[in-house]
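The following exercises concern the contact between two domains of one chain. Each task is followed by a solution in steps.

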Amino acid sequence: MAVGTITGAVLGLAGCGMADDGSAADRASHFYAAVAAGDGATACADLAVDARETLAEQEGEPCPEAVLAQDLPAPSGAGTARTYGSMAQVQYRDETVFLSRFPDGWRVIAAGCPPVDGDQPHRCSVEVG
Amino acid sequence: MRRLKEHSLGLFFGVLFVAALIGQAFAGWHAFNAQQAADGLGTLSLGRYLTSSDFAVDVSENWQSEYLQFLFYIAATVWLLQRGSPESKELDNAGLESDEAQKVGPYADERSPRWAAVGGIRTTILSWSLTLTMGTIFLLSWLAQSIAGQVARNEERLASLQDPIGWTDYVLSADFWSRTLQNWQSEFLAVGSMAVLAIYLRQRGSPESKPVGEAHSATGVEG
(Lines give C-alpha, C1' and ligand atoms only; values in the text may rest on other atoms or scores of the structure.)
Protein backbone atom coordinates (compact mmCIF):
# COMPACT_ATOMS: atom_id res chain seq x y z
CA MET A 1 0.00 0.00 0.00
CA ALA A 2 2.86 2.34 0.90
CA VAL A 3 4.50 1.50 -2.42
CA GLY A 4 1.28 2.35 -4.26
CA THR A 5 0.91 5.62 -2.37
CA ILE A 6 4.44 6.70 -3.16
CA THR A 7 4.13 5.67 -6.81
CA GLY A 8 0.93 7.72 -7.07
CA ALA A 9 2.66 10.68 -5.46
CA VAL A 10 5.57 10.45 -7.89
CA LEU A 11 3.29 10.23 -10.90
CA GLY A 12 1.18 13.11 -9.59
CA LEU A 13 4.20 15.28 -8.98
CA ALA A 14 5.65 14.53 -12.38
CA GLY A 15 2.89 16.69 -13.81
CA CYS A 16 3.76 19.69 -11.65
CA GLY A 17 6.18 21.14 -14.18
CA MET A 18 3.63 21.19 -16.97
CA ALA A 19 0.32 22.20 -15.39
CA ASP A 20 -1.46 25.43 -16.32
CA ASP A 21 1.09 26.61 -18.89
CA GLY A 22 -1.73 28.00 -21.00
CA SER A 23 -3.05 30.28 -18.24
CA ALA A 24 0.33 31.79 -17.44
CA ALA A 25 1.11 32.23 -21.14
CA ASP A 26 -2.34 33.79 -21.70
CA ARG A 27 -1.75 36.31 -18.91
CA ALA A 28 1.67 37.21 -20.36
CA SER A 29 0.19 37.67 -23.87
CA HIS A 30 -2.61 39.80 -22.43
CA PHE A 31 -0.07 42.00 -20.64
CA TYR A 32 2.11 42.58 -23.72
CA ALA A 33 -0.96 43.18 -25.93
CA ALA A 34 -2.15 45.87 -23.50
CA VAL A 35 1.30 47.51 -23.47
CA ALA A 36 1.46 47.41 -27.27
CA ALA A 37 -2.02 48.97 -27.45
CA GLY A 38 -0.98 51.77 -25.05
CA ASP A 39 -3.54 50.57 -22.49
CA GLY A 40 -1.57 51.10 -19.26
CA ALA A 41 -4.55 50.47 -16.97
CA THR A 42 -5.13 46.99 -18.41
CA ALA A 43 -1.40 46.20 -18.33
CA CYS A 44 -1.25 47.25 -14.66
CA ALA A 45 -4.21 45.02 -13.83
CA ASP A 46 -2.09 42.10 -15.14
CA LEU A 47 0.71 42.95 -12.68
CA ALA A 48 0.97 41.61 -9.12
CA VAL A 49 0.05 44.27 -6.55
CA ASP A 50 3.65 44.55 -5.30
CA ALA A 51 4.99 44.97 -8.83
CA ARG A 52 2.39 47.68 -9.49
CA GLU A 53 3.30 49.57 -6.32
CA THR A 54 7.06 49.20 -6.82
CA LEU A 55 6.79 50.51 -10.38
CA ALA A 56 4.69 53.54 -9.36
CA GLU A 57 7.10 54.38 -6.50
CA GLN A 58 10.16 53.91 -8.68
CA GLU A 59 8.83 56.14 -11.46
CA GLY A 60 7.00 58.64 -9.26
CA GLU A 61 3.85 58.42 -11.35
CA PRO A 62 0.76 56.20 -11.42
CA CYS A 63 1.23 52.64 -12.66
CA PRO A 64 -0.67 53.08 -15.98
CA GLU A 65 1.71 55.83 -17.09
CA ALA A 66 4.79 54.22 -15.50
CA VAL A 67 4.32 50.85 -17.22
CA LEU A 68 4.07 52.46 -20.66
CA ALA A 69 7.23 54.48 -19.94
CA GLN A 70 9.28 51.27 -19.50
CA ASP A 71 9.78 50.78 -23.23
CA LEU A 72 8.82 47.12 -22.87
CA PRO A 73 9.33 44.94 -25.95
CA ALA A 74 6.42 43.65 -28.00
CA PRO A 75 7.21 39.93 -28.26
CA SER A 76 5.47 38.00 -31.00
CA GLY A 77 4.01 34.50 -30.71
CA ALA A 78 2.84 32.61 -27.64
CA GLY A 79 6.28 32.14 -26.08
CA THR A 80 7.44 29.05 -24.18
CA ALA A 81 5.75 28.72 -20.80
CA ARG A 82 7.23 26.69 -17.94
CA THR A 83 5.23 26.31 -14.74
CA TYR A 84 6.58 25.08 -11.39
CA GLY A 85 3.97 25.04 -8.63
CA SER A 86 2.86 28.61 -7.99
CA MET A 87 5.46 30.18 -10.29
CA ALA A 88 5.80 30.40 -14.07
CA GLN A 89 8.12 31.81 -16.67
CA VAL A 90 7.24 32.62 -20.28
CA GLN A 91 10.21 33.00 -22.62
CA TYR A 92 10.13 34.84 -25.93
CA ARG A 93 13.04 35.32 -28.30
CA ASP A 94 14.56 38.37 -26.54
CA GLU A 95 12.26 38.77 -23.57
CA THR A 96 11.30 36.82 -20.46
CA VAL A 97 8.36 37.40 -18.14
CA PHE A 98 7.85 35.88 -14.66
CA LEU A 99 4.44 35.19 -13.13
CA SER A 100 3.05 34.04 -9.78
CA ARG A 101 -0.29 32.35 -9.19
CA PHE A 102 -2.56 34.36 -6.87
CA PRO A 103 -6.01 33.27 -5.66
CA ASP A 104 -7.56 35.22 -8.58
CA GLY A 105 -5.18 33.86 -11.22
CA TRP A 106 -1.73 34.42 -12.70
CA ARG A 107 -0.16 37.87 -12.31
CA VAL A 108 3.09 39.25 -13.76
CA ILE A 109 5.81 39.74 -11.12
CA ALA A 110 8.61 40.75 -13.52
CA ALA A 111 8.72 41.85 -17.16
CA GLY A 112 11.17 43.54 -19.46
CA CYS A 113 13.85 40.91 -18.70
CA PRO A 114 16.49 40.47 -21.43
CA PRO A 115 18.32 37.11 -21.76
CA VAL A 116 21.11 36.37 -19.25
CA ASP A 117 24.05 33.97 -19.20
CA GLY A 118 23.96 30.81 -17.07
CA ASP A 119 22.69 31.06 -13.51
CA GLN A 120 22.50 34.84 -13.30
CA PRO A 121 19.18 36.32 -12.22
CA HIS A 122 17.40 38.40 -14.83
CA ARG A 123 17.47 42.19 -14.43
CA CYS A 124 14.00 43.37 -15.31
CA SER A 125 12.55 46.83 -15.87
CA VAL A 126 9.40 45.84 -13.93
CA GLU A 127 9.90 43.73 -10.73
CA VAL A 128 8.21 43.06 -7.40
CA GLY A 129 9.80 44.62 -4.30
CA MET B 1 -9.79 -4.78 23.90
CA ARG B 2 -7.32 -7.64 23.88
CA ARG B 3 -6.96 -7.24 20.12
CA LEU B 4 -6.22 -3.53 20.64
CA LYS B 5 -3.57 -4.34 23.25
CA GLU B 6 -1.92 -6.90 21.03
CA HIS B 7 -1.57 -4.35 18.23
CA SER B 8 -0.89 -1.31 20.40
CA LEU B 9 2.67 -0.75 19.16
CA GLY B 10 1.68 -0.43 15.49
CA LEU B 11 -1.43 1.60 16.36
CA PHE B 12 0.54 3.96 18.64
CA PHE B 13 3.03 4.81 15.92
CA GLY B 14 0.27 4.99 13.28
CA VAL B 15 -1.57 7.61 15.34
CA LEU B 16 1.66 9.53 16.05
CA PHE B 17 2.50 9.49 12.33
CA VAL B 18 -0.88 10.92 11.29
CA ALA B 19 -0.82 13.58 14.05
CA ALA B 20 2.71 14.65 13.16
CA LEU B 21 1.90 14.76 9.43
CA ILE B 22 -1.15 16.95 10.10
CA GLY B 23 0.98 19.24 12.29
CA GLN B 24 3.65 19.41 9.59
CA ALA B 25 1.01 20.26 6.98
CA PHE B 26 -0.35 23.23 8.95
CA ALA B 27 3.06 24.52 10.05
CA GLY B 28 4.49 24.11 6.53
CA TRP B 29 1.47 25.85 4.97
CA HIS B 30 1.81 28.88 7.25
CA ALA B 31 5.58 29.06 6.76
CA PHE B 32 5.21 28.82 2.96
CA ASN B 33 2.54 31.51 2.77
CA ALA B 34 4.45 33.83 5.12
CA GLN B 35 7.47 33.64 2.81
CA GLN B 36 5.36 34.11 -0.33
CA ALA B 37 3.60 37.16 1.14
CA ALA B 38 6.92 38.67 2.25
CA ASP B 39 8.19 38.27 -1.34
CA GLY B 40 5.03 39.79 -2.85
CA LEU B 41 4.06 36.45 -4.42
CA GLY B 42 0.80 34.47 -4.47
CA THR B 43 -0.23 32.42 -1.43
CA LEU B 44 -1.80 28.93 -1.51
CA SER B 45 -4.95 27.46 0.00
CA LEU B 46 -4.36 24.52 2.35
CA GLY B 47 -5.65 22.14 -0.33
CA ARG B 48 -3.21 23.46 -2.92
CA TYR B 49 -0.34 23.39 -0.40
CA LEU B 50 -1.02 19.72 0.40
CA THR B 51 -0.64 18.85 -3.30
CA SER B 52 2.32 21.19 -3.78
CA SER B 53 5.90 20.19 -4.44
CA ASP B 54 7.01 22.12 -1.34
CA PHE B 55 5.00 19.83 0.95
CA ALA B 56 5.89 16.72 -1.06
CA VAL B 57 9.64 17.34 -0.94
CA ASP B 58 9.57 18.00 2.81
CA VAL B 59 7.69 14.73 3.41
CA SER B 60 9.59 12.54 0.96
CA GLU B 61 13.09 13.65 1.98
CA ASN B 62 12.38 12.39 5.50
CA TRP B 63 10.68 9.20 4.34
CA GLN B 64 13.58 8.15 2.13
CA SER B 65 16.13 8.60 4.89
CA GLU B 66 14.07 6.64 7.43
CA TYR B 67 13.59 3.72 5.06
CA LEU B 68 17.27 3.84 4.09
CA GLN B 69 18.18 3.70 7.78
CA PHE B 70 16.13 0.56 8.35
CA LEU B 71 17.25 -0.96 5.04
CA PHE B 72 20.89 -0.58 6.09
CA TYR B 73 20.21 -1.76 9.61
CA ILE B 74 18.36 -4.89 8.50
CA ALA B 75 21.00 -5.77 5.89
CA ALA B 76 24.11 -4.72 7.85
CA THR B 77 23.14 -6.73 10.94
CA VAL B 78 23.18 -9.91 8.82
CA TRP B 79 26.97 -9.66 8.50
CA LEU B 80 28.26 -6.95 10.85
CA LEU B 81 28.57 -7.49 14.60
CA GLN B 82 28.80 -5.30 17.68
CA ARG B 83 30.23 -6.98 20.75
CA GLY B 84 27.98 -6.46 23.76
CA SER B 85 25.06 -5.01 21.80
CA PRO B 86 21.55 -6.48 21.90
CA GLU B 87 21.19 -5.16 18.33
CA SER B 88 23.91 -7.55 17.14
CA LYS B 89 23.75 -11.26 16.53
CA GLU B 90 25.96 -13.55 18.55
CA LEU B 91 29.59 -13.19 17.50
CA ASP B 92 29.87 -16.60 15.80
CA ASN B 93 26.64 -16.23 13.88
CA ALA B 94 27.42 -13.65 11.16
CA GLY B 95 25.97 -14.30 7.70
CA LEU B 96 22.77 -15.70 6.23
CA GLU B 97 22.80 -18.73 8.60
CA SER B 98 21.85 -22.31 7.82
CA ASP B 99 18.51 -23.46 6.37
CA GLU B 100 17.89 -25.29 9.61
CA ALA B 101 18.40 -22.16 11.73
CA GLN B 102 16.20 -20.18 9.34
CA LYS B 103 13.53 -22.92 9.11
CA VAL B 104 13.42 -22.99 5.32
CA GLY B 105 12.90 -25.85 2.83
CA PRO B 106 12.86 -29.22 4.58
CA TYR B 107 13.35 -27.50 7.96
CA ALA B 108 10.12 -25.49 7.72
CA ASP B 109 7.54 -26.51 10.30
CA GLU B 110 3.75 -26.62 10.08
CA ARG B 111 3.42 -23.00 11.17
CA SER B 112 6.04 -21.64 8.73
CA PRO B 113 4.84 -19.43 5.85
CA ARG B 114 4.19 -21.60 2.77
CA TRP B 115 6.84 -19.77 0.75
CA ALA B 116 9.46 -20.73 3.36
CA ALA B 117 8.77 -24.41 2.71
CA VAL B 118 8.38 -24.55 -1.10
CA GLY B 119 11.99 -23.67 -2.01
CA GLY B 120 13.17 -22.01 -5.23
CA ILE B 121 12.51 -18.38 -6.15
CA ARG B 122 9.56 -18.04 -3.77
CA THR B 123 11.65 -18.96 -0.74
CA THR B 124 14.41 -16.60 -1.94
CA ILE B 125 11.86 -13.76 -2.31
CA LEU B 126 10.43 -14.39 1.17
CA SER B 127 13.97 -14.63 2.60
CA TRP B 128 14.77 -11.13 1.33
CA SER B 129 11.28 -9.60 1.36
CA LEU B 130 11.86 -7.19 4.24
CA THR B 131 15.03 -5.76 2.69
CA LEU B 132 13.44 -5.67 -0.79
CA THR B 133 10.35 -3.82 0.48
CA MET B 134 12.32 -1.32 2.55
CA GLY B 135 14.67 -0.77 -0.39
CA THR B 136 11.80 -0.24 -2.82
CA ILE B 137 10.10 2.29 -0.53
CA PHE B 138 13.45 4.05 -0.05
CA LEU B 139 14.07 4.31 -3.80
CA LEU B 140 10.53 5.50 -4.58
CA SER B 141 10.68 8.09 -1.77
CA TRP B 142 14.06 9.33 -2.99
CA LEU B 143 12.71 9.53 -6.55
CA ALA B 144 9.68 11.46 -5.26
CA GLN B 145 12.05 13.78 -3.37
CA SER B 146 14.03 14.44 -6.55
CA ILE B 147 10.93 15.19 -8.64
CA ALA B 148 9.20 17.34 -6.02
CA GLY B 149 12.51 18.94 -5.08
CA GLN B 150 13.16 20.00 -8.67
CA VAL B 151 9.75 21.69 -8.85
CA ALA B 152 10.20 23.36 -5.42
CA ARG B 153 13.72 24.51 -6.31
CA ASN B 154 12.49 25.94 -9.61
CA GLU B 155 9.74 27.84 -7.78
CA GLU B 156 12.48 29.45 -5.69
CA ARG B 157 14.61 30.13 -8.76
CA LEU B 158 11.72 31.76 -10.61
CA ALA B 159 10.95 33.88 -7.53
CA SER B 160 14.61 35.02 -7.69
CA LEU B 161 14.17 35.71 -11.45
CA GLN B 162 16.54 32.86 -12.39
CA ASP B 163 15.86 30.40 -15.19
CA PRO B 164 14.60 26.93 -14.10
CA ILE B 165 16.85 23.85 -14.20
CA GLY B 166 16.12 20.33 -15.47
CA TRP B 167 15.81 17.16 -13.34
CA THR B 168 19.32 15.93 -14.19
CA ASP B 169 20.89 19.24 -13.16
CA TYR B 170 18.77 19.20 -10.01
CA VAL B 171 19.90 15.75 -8.83
CA LEU B 172 23.50 16.90 -9.28
CA SER B 173 22.82 20.17 -7.43
CA ALA B 174 23.85 21.20 -3.93
CA ASP B 175 20.18 21.66 -2.95
CA PHE B 176 19.33 17.99 -3.64
CA TRP B 177 22.39 16.64 -1.84
CA SER B 178 22.05 19.06 1.06
CA ARG B 179 18.45 17.89 1.64
CA THR B 180 19.52 14.24 1.24
CA LEU B 181 22.68 14.19 3.36
CA GLN B 182 21.31 16.28 6.23
CA ASN B 183 18.73 13.52 6.71
CA TRP B 184 21.14 10.64 6.18
CA GLN B 185 23.70 11.85 8.74
CA SER B 186 21.10 12.09 11.50
CA GLU B 187 19.70 8.63 10.76
CA PHE B 188 23.14 7.01 10.71
CA LEU B 189 24.08 8.75 13.97
CA ALA B 190 20.85 7.64 15.70
CA VAL B 191 21.08 4.00 14.64
CA GLY B 192 24.83 3.73 15.27
CA SER B 193 24.61 5.32 18.70
CA MET B 194 21.72 3.05 19.65
CA ALA B 195 23.74 -0.06 18.75
CA VAL B 196 26.67 1.15 20.86
CA LEU B 197 24.83 2.77 23.80
CA ALA B 198 22.78 -0.40 24.29
CA ILE B 199 26.01 -2.19 25.26
CA TYR B 200 26.14 -0.27 28.58
CA LEU B 201 22.69 1.24 29.02
CA ARG B 202 19.41 -0.56 29.74
CA GLN B 203 15.69 0.00 29.54
CA ARG B 204 13.97 -2.42 31.83
CA GLY B 205 11.28 -4.32 29.93
CA SER B 206 12.23 -3.21 26.41
CA PRO B 207 13.10 -5.83 23.80
CA GLU B 208 15.49 -3.26 22.33
CA SER B 209 17.59 -3.50 25.52
CA LYS B 210 19.39 -6.30 27.29
CA PRO B 211 17.88 -7.36 30.61
CA VAL B 212 19.04 -4.93 33.32
CA GLY B 213 21.26 -7.46 35.01
CA GLU B 214 22.80 -8.89 31.83
CA ALA B 215 26.57 -8.48 31.45
CA HIS B 216 27.87 -5.61 29.33
CA SER B 217 29.81 -8.19 27.32
CA ALA B 218 26.73 -10.29 26.44
CA THR B 219 26.01 -10.02 22.72
CA GLY B 220 22.73 -10.73 20.93
CA VAL B 221 20.67 -10.96 24.10
CA GLU B 222 17.39 -9.05 24.13
CA GLY B 223 15.25 -8.33 27.18
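**Exercise 1.** State how many salt bridges and polar contacts join domain 1 of chain B and domain 2 of chain B.

*Solution.* Step 1: the rule, a side-chain nitrogen of Lys or Arg within 4 Å of a carboxyl oxygen of Asp or Glu, finds zero salt bridges across this interface. Step 2: zero residue pairs, both at pLDDT 80 or more, are in polar contact, that is, a pair of N or O atoms within 3.5 Å, one able to donate a hydrogen and the other to accept it, where residues adjacent in sequence count only if both atoms are side-chain atoms.

The model is predicted: local features need pLDDT of at least 70, side-chain atom pairs 80 or more, while totals for interfaces use all residues. Residues are numbered from 1 along each chain, chains are lettered from A, and hydrogens and water are left out of side-chain values.

**Exercise 2.** Identify the elements and residue classes on the side of domain 1 of chain B that touches domain 2 of chain B.

*Solution.* Step 1: helix 2 (8–38) and helix 3 (46–50) of chain B each give two or more residues; helices are DSSP runs (H or I, at least four residues), numbered from the N terminus. Step 2: helix 2 of chain B supplies the largest share, five residues. Step 3: this side has seven nonpolar, two polar and no charged residues, with Tyr and Phe among the nonpolar class and Gly among the polar.

**Exercise 3.** Give the area buried between the two domains of chain B.

*Solution.* The area, the accessible area (1.4 Å probe) lost on being put together, summed over both parts, is about 680 Å², with 68% from carbon and sulfur atoms.
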